[in-house]
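Student: I am new to this structure and would like a close look at one part of it. Please start from a single residue and work outwards.

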Amino acid sequence: MSNQKCSTLNQKPKGRTSIIKCIYVVGFMDLFGVSMIIPLLSHHVKALGASPTVAGIVGSTYGILQLFSSTIVGSWSDVVGRQYSLLTCLLLSALGYGLLGMSTSIALFVLARIPVGLFKHSLSICRALLSDLVSESERPLVMGYFNAASSVGFILGPVVGGYLTEHEGGFYTSSFTCAAIFLLNAGLVWMLPWSEARIHRNGTNSSNHKSKGCHDNNCSKSVQNGSHANSHGPVSKAETDPGSRAPGNHQGGLRWMEVSLLQPVWRQLSSVGTRIHMVASSDMWDLFLVRLLMAIAIMLYYSNFSLAMEERFSLKPKVTGYLISYSSTLGALAGFLVGPVTQLYGNNMPALLLHSTVLTCSLIFLYAAAPSVWQVLLTSSLLAISTSIGRTCITDLELQRGGVQASGTLIGAGQSVTAVGRVLAPLLSGLAQEFSPCGPPSLGVVLALAAVGLLLIRIPKWDGRGMRKTAKLGNSE
């Protein structure tokens with residue numbers, strides 16, 4: 001009888017599979033559209049008559065807005081559900097890119113960047129949705145595929161954007177094309193089989209109380225990750241919506257109180273504030289600090305890559321561009337390796353994070369000391385793989401420690417931490433380049449070593465799922 005229950009729980013319903021595949025498409029199209037615009041923004045600002053200083057201030061607007069809005073929008077998606085929050089983000093992003101296509105002045109350009117800076121969090125919500133729909137053992141594989149799909153879009157987008165720019169009014173054409181892509185994504189999200197996914201989620205929640213009857217390891221993980229419903233009351237909308245769940249007894253996770261989309265705005269904001277406060281006051285500072293240190297280290301590696309190749313090896317920008325494209329392609333394909341590597345480690349994510357961090361640190365050091373272009377080629381190849389695995393690994397650990405009920409808040413907080421790295425990395429890179437072209441990656445090695453040391457100190461205090469051995473997060477309410 002227990003084997004029959006296990007097989008039922010491990011089945012992938014068509015509704016869930018369809019949503020997962022469609023989210024892959026949404027991720028691909030999202031970064032495909034955005035990457036059409038990114039290389040053209042600075043040229044368009046200068047064409048509008050902005051000075052370099054004004055262009056820099058305008059360019060920083062998006063990053064500053066993302067820094068403060070990532071956690072808030074992610075938490076809001078936990079409160080009202082993935083469907084409505086994802087649709088809102090896609091539609092308002094489409095509005096922003098549409099306004100960008102009509103920007104004929106600096107003021108209108110800045111106005112167009114505001115809705116994009118505040119609501120361009122569709123990828124974060126997609127990741128949160130994927131974490132809702134899959135078990136803990138499946139999550140690294142699914143996240144790896146999603147990262148690979150979106151990275152491929154980021155690689156192909158500039159090619160199309162560059163082609164459109166060669167024609168008259170190319171920037172405006174690219175902007176309107178990007179807006180159309182986001183509208184198409186919104187339509188795709190609207191047509192997803194949400195009802196089937198809700199049925200699946202409700203069925204998983206109902207089987208939560210029977211998890212002790214499953215003796216198979218995979219089945220136990222599936223039941224454990226499906227335990228998002230409130231076991232102390234009748235089934236509600238929050239329990240049957242895959243993006244809007246009631247407070248659960250998720251092992252090791254924060255405990256949350258749901259708010260419906262129809263509730264007053266002040267109550268939604270109150271719930272968002274409560275969630276953010278719980279994450280900020282939780283014992284997850286070590287993971288966020290590791291994320292920050294590694295984000296800055298990797299950004300320092302890339303910050304002056306073209307200039308360093310020219311000064312150290314007399315490489316032409318064209319050849320350096322080929323090398324960067326090669327590394328980007330390899331990094332995208334590395335997303336498909338995340339699942340097999342995780343299985344090889346037996347889902348021991350703390351060990352995998354430590355090893356990937358050590359490997360990344362070593363590769364940045366080898367690049368800084370590389371005597372030839374061929375060593376740079378080798379290190380960049382392996383670095384693309386290690387960073388792809390490391391990003392997926394640290395996100396998975398954040399979700400394990402905080403619980404998937406908080407996936408939007410946690411992923412948003414992670415993006416905010418990365419945004420802080422984007423602000424600090426250019427400053428540190430400029431200071432390090434005053435000493436040597438190898439200064440930025442050398443500083444990156446120091447920061448990566450600090451991340452390794454922090455992991456060596458903290459990992460012994462975690463259990464196999466990345467939680468504290470002495471005090472679980474779920475005990476803090």
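In which helix does Ser131 lie?

Tutor: Ser131 lies in helix α6, which covers residues 122-133. Helices here are DSSP runs of H or I with at least four residues, strands are runs of E with at least two, and numbering starts from the N terminus. This is a predicted model, in which local features need pLDDT of at least 70 and side-chain atom pairs count only at pLDDT 80 or more, while totals for chains, interfaces and linings use all residues. Residues are numbered from 1 along each chain as its sequence is written, and side-chain values use heavy atoms, with hydrogens and water left out.

Ser131 is buried because its relative accessible area is 1%. Buried means under 20% relative accessible area, exposed means over 50%, and partly exposed lies in between, with a 1.4 Å probe and protein chains only. Not counting residues up to four places away in sequence, Ser131 touches Arg139, Met143, Leu399, Val404 and Ser407; a contact means heavy atoms within 4.5 Å. With Ser407 there is also a polar contact, side chain to side chain, at 3.5 Å. A polar contact is a pair of N or O atoms within 3.5 Å; within protein, one must be able to donate a hydrogen and the other to accept it, and residues adjacent in sequence count only if both atoms are side-chain atoms.

Helix α6 holds a second serine to look at, Ser124. Ser124 is also counted as buried, because its relative accessible area is 12%. Apart from neighbours within four places in sequence, Ser124 is in contact with Ile411 and Gln415.

Leu399, one of the residues that Ser131 touches, leads on to helix α18, which spans residues 373-402. Glu398 in that helix is paired with Arg291 of helix α13, 107 residues apart, linking distant parts of the chain. The two form a salt bridge whose closest N and O atoms are 2.9 Å apart. A salt bridge is a side-chain nitrogen of Lys or Arg within 4 Å of a carboxyl oxygen of Asp or Glu. Both Arg291 and Glu398 are buried. Elsewhere, salt bridges that share partners join Asp78, Arg82, Asp132 and Arg275 into one network.

Within that network, Asp78 and Arg275 form a salt bridge, with closest N and O atoms 3.9 Å apart. Asp78 lies in helix α3 (residues 52-80) and Arg275 in helix α12 (residues 265-280), so this pair ties together parts that are 197 residues apart in sequence. Asp78 is buried at a relative accessible area of 1%, and Arg275 counts as buried at 1% as well.

Helix α13 takes part in another such link, a salt bridge between the side chains of Arg458 and Asp286 at 2.9 Å, N to O. Here Arg458 lies in helix α20 (residues 439-458) and Asp286 in helix α13 (residues 285-303), so parts that are 172 residues apart in sequence are tied together. Arg458 is buried, with a relative accessible area of 8%, and Asp286 counts as buried at 1%. By the rule given above, there are 9 salt bridges.

Now to the nonpolar side. The largest nonpolar core has 95 residues, of which Ile23, Tyr97, Leu100, Leu130, Met309 and Val376 touch the most other members. Helix α2 (residues 14-47) contributes the most to this core, with 11 residues. A nonpolar core is a set of buried Ala, Val, Leu, Ile, Met, Phe, Trp, Tyr and Cys residues joined through side-chain atoms within 4.5 Å. Leaving out residues up to four places away in sequence, Leu100 touches Ile37, Leu41, Phe109, Ala112, Arg113, Phe171, Tyr172 and Ser175. Another core, of 5 residues, lies apart from the largest, and among its members are Met29, Phe32, Met36 and Ile181.

Two loop residues make a contrast with buried Ser131. Ser314, in the loop between α14 (305-313) and α15, is exposed, with a relative accessible area of 62%. Although Ser314 is not a glycine, its phi is positive, about 55 degrees. Asn347, in the loop between α16 and α17 (349-368), is partly exposed at 22%. Its phi is near 60 degrees, again a positive value in a residue other than glycine.

For the whole protein chain, the count is 20 helices and 0 strands. Of its 477 residues, 53% count as buried. Among contacts between residues at least 6 apart in sequence, 80% join residues at least 24 apart.
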